[in-house]
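Open the model in your viewer and set the display to cartoon, coloured by chain. Keep a selection panel at hand for the stops below.

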There are 2 protein chains.
Amino acid sequence: MNNFQFYNPVKIIFGKGQIAAVAREVPANARVMLTYGGGSIKKNGVYDQVMAALKNHQVIEFQGIEPNPRYETLMQAVSIARRGQVDFILAVGGGSVIDGTKFIAAAMLYDGDNPWDMLSKGIKAKKAVPFGTVLTLPGTGSEMNSGAVITRAETSEKFSFGSPFTFPQFSVLDPETTFTLPLRQISNGVADAFTHVLEQYLTYPVNAPLQDRMAEAVLLTLKEEGPKALDNPHDYDTMANIMWSATMALNGVIRVGVPTDWATHYIGHELTALHGIDHARTLAIVLPSLLRYKQETKKEKLLQYGERVWGVTVGTDDEKIEATIQATISFFESLDIRTRLQDYDVDEATIRTIVKRLQERGTKNLGERADIQIEDIEKILTRSL
Amino acid sequence: MNNFQFYNPVKIIFGKGQIAAVAREVPANARVMLTYGGGSIKKNGVYDQVMAALKNHQVIEFQGIEPNPRYETLMQAVSIARRGQVDFILAVGGGSVIDGTKFIAAAMLYDGDNPWDMLSKGIKAKKAVPFGTVLTLPGTGSEMNSGAVITRAETSEKFSFGSPFTFPQFSVLDPETTFTLPLRQISNGVADAFTHVLEQYLTYPVNAPLQDRMAEAVLLTLKEEGPKALDNPHDYDTMANIMWSATMALNGVIRVGVPTDWATHYIGHELTALHGIDHARTLAIVLPSLLRYKQETKKEKLLQYGERVWGVTVGTDDEKIEATIQATISFFESLDIRTRLQDYDVDEATIRTIVKRLQERGTKNLGERADIQIEDIEKILTRSL
């Protein structure tokens, strides 16, 4: 096992009827900014529950944080929040609203010249306005970590961001808030969480059997519960199990002491930035090709994954690995997620564009062995055509 | 899945050579009290590493926190710490030292008449002096939770205690600190952690498959790594896997949203209080009889545990359950832990004494269904003779 540090102070409040807890979790006398997305929370009753919980607080609303939240939008929120002397933010929504709120919280107190530098130059936040979340869309895990991904619209680029100050103070996870989600968003959430686990698991063994089994625990649960959710998205336990699995997939527990490979997310971000393909779907496109391309260096973990998650035990190692990757593809497709670039009308021209962008950015050394270079990314994407 | 809250802000610093991190984790200018046990840390080099890390701090030492830490001892530490205006405590040791330190930290700032009331009357601490830990003996999980068990010597009683203020600020887990442990302490730690998991798992199903699998992940890892540790206690990875498993067994992750049954610990505490039997050994005595006694109400989980952890798949349900309990007993015995009261020269007279003590205390409604009463405890202990 590798040395590691683990720290996650997010208070999770999980279950039916728990949005009311916001009343006691938001500090008394706080001037609150409520951040949310396109307004679906006004149709499904979540907004009313949140406002009832905040009835003794001053509240400014900021509506309109879009999927793949944009720097430009978030800086508008920063201006409004500063003007309103906001000292607590409550994010209500999915990963985009929560990611965007993390950036707003840090940008409000950024003491350099330009908050943009936190994204483009990786300058670390030294403080942030405290915030909480009410999660309405499981998948990204943002509700229980300190990271975010922010898009710059003018250049179509996605940047990662994080700091010890951008953990939510609390997150309310009420599975009933998911009952009105479009099936497409549920399947995206399951695929995103499933891929998060694989990126922390399909690397090379370091004799960390507990972390391996905990990763497999999340995978097996998503494998079972994902298809159930599409059949019956109003089943409380199914949605509760998906919601908690997605949180556990990216709260740091399963990654302690093991190598990780975030190349699939990195490459997928390019497809979202250029073609607007749903984030989770980009992962389902990239992952199988990446696994095939790196199957020699990921061999031991691929075989273990195949046996323990998909029951693949017959054949040569190569046959077992191919069956395992096929099972993964079939899982994505069972969630109505297509896994080829052609399914999204993306062709070789886009691959050339991505290669050019990565060259300009100086991308190098992705993957758990830091051996995935731009030419490898080109080959991986070509296999996904 | 049941509703739940989860909050655990302990920073874990895990791995070789990490005791040096104490230097930056203890606040600058803090007046530190170092708490430890019988002095083994002076023989194995841990004390020297800790003192080197604290070379820029004022340090008062309090040596002598005993196994099953006593209120009387801890109140001496409280006096010394108050006199020395201590504002940070560093516990170096196993569960007893850490548990004791939690009580010292809360008692120092207790604003009622008598800190004893936190134990005997369950009055909650409202604050505590901040503290960190350097773990040298894996098992209790105290390094990553807020609970403690304290003994009152004059009445031979053990009391549980906990508060949101008694989480360690940080815990350093360096597996190399375990290399000089007596095998008896390693096997005790494995058995304690294994039982912690079973007490959060062997209850009744609430459709929480992720929590079930995470519990099984810890059980399977302890099952594999425990015997290896006895064969080769200087194997770094083995001890690292045991250390992290024991922490994960009781840091709250596996218990979220599921029922728990702490009756085994409750009953075991009586055997330690009256006969000084090692805590872990009392669990190995009580657990098998409790599982047999409650096998009807724990049936579904016992069958799942047998199949997934011990590979028990053949026979009637009763046969499978008995084979599963036998496998559990064999596991304890493979760790050189005997599982009958007679192995410890304890007879029916002790059971009568325990019954009388529980009657005086008004014990009732233990177990996940609150249906274990004093007469049930008597029967369970009788089966363990």
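The tour goes through a sheet, then one of its strands, then the contact between two chains; the model is predicted.

**Stop 1: the sheet.** Select β4(A), β3(A), β5(A), β6(A), β9(A), β2(A) and β1(B), which in that order form an open sheet of seven strands. The pairing in this sheet is mixed. Which strands lie at the edges? They are β4 of chain A, residues 58-63, and β1 of chain B, each of which pairs on one side only. Averaged over the sheet and with direction ignored, neighbouring strands are turned by 15 degrees against each other.

**Stop 2: strand β9 of chain A.** Now reduce the selection to residues 170-173 of chain A, which make up β9(A), and show side chains. Are the two faces of this strand covered or open? Both are covered: Phe170(A) and Val172(A) on one side are buried, and so are Ser171(A) and Leu173(A) on the other.

**Stop 3: the neighbours of β9(A).** Add residues 11-14 of chain A, strand β2, which runs parallel to β9(A) and is joined to that strand by four bridges. Within this pair, Ile12(A) has Ser171(A) as its bridge partner. Next add residues 131-135 of chain A, strand β6; its pairing with β9(A) is also parallel, over three bridges. Here Leu135(A) is the residue opposite Leu173(A).

**Stop 4: across the chains.** Select residues 4-6 of chain A, strand β1, together with β2(B). These two strands pair in the antiparallel sense, with three bridges between them. Label Phe6(A) and Ile12(B), which stand opposite each other.

**Stop 5: the contact as a whole.** Finally, select the residues of each chain that touch the other: 32 from chain A and 32 from chain B. On the chain B side, β1 (4-6), β2 (11-14), α8 (209-231) and α9 (236-249) each contribute at least two residues. Which element gives the largest share of this side? Helix α8(B) does, with nine residues. Colour the chain B side by residue class to see 18 nonpolar, nine polar and five charged residues.

Note on methods
Residues numbered from 1 in each chain as written. Chains lettered and ligands numbered in written order. Predicted model: local features only at pLDDT ≥ 70, side-chain atom pairs only at ≥ 80, totals over all residues. Buried ≥ 20, exposed ≤ 12 C-beta atoms within 10 Å, placed from the backbone. Pairing = 2+ DSSP bridges. Contact = placed C-beta atoms within 7 Å. Nonpolar A, V, L, I, M, F, W, Y, C, P; charged D, E, K, R; others polar. Axes fitted to C-alpha atoms, helices over the stretch in contact; angles between N-to-C directions.
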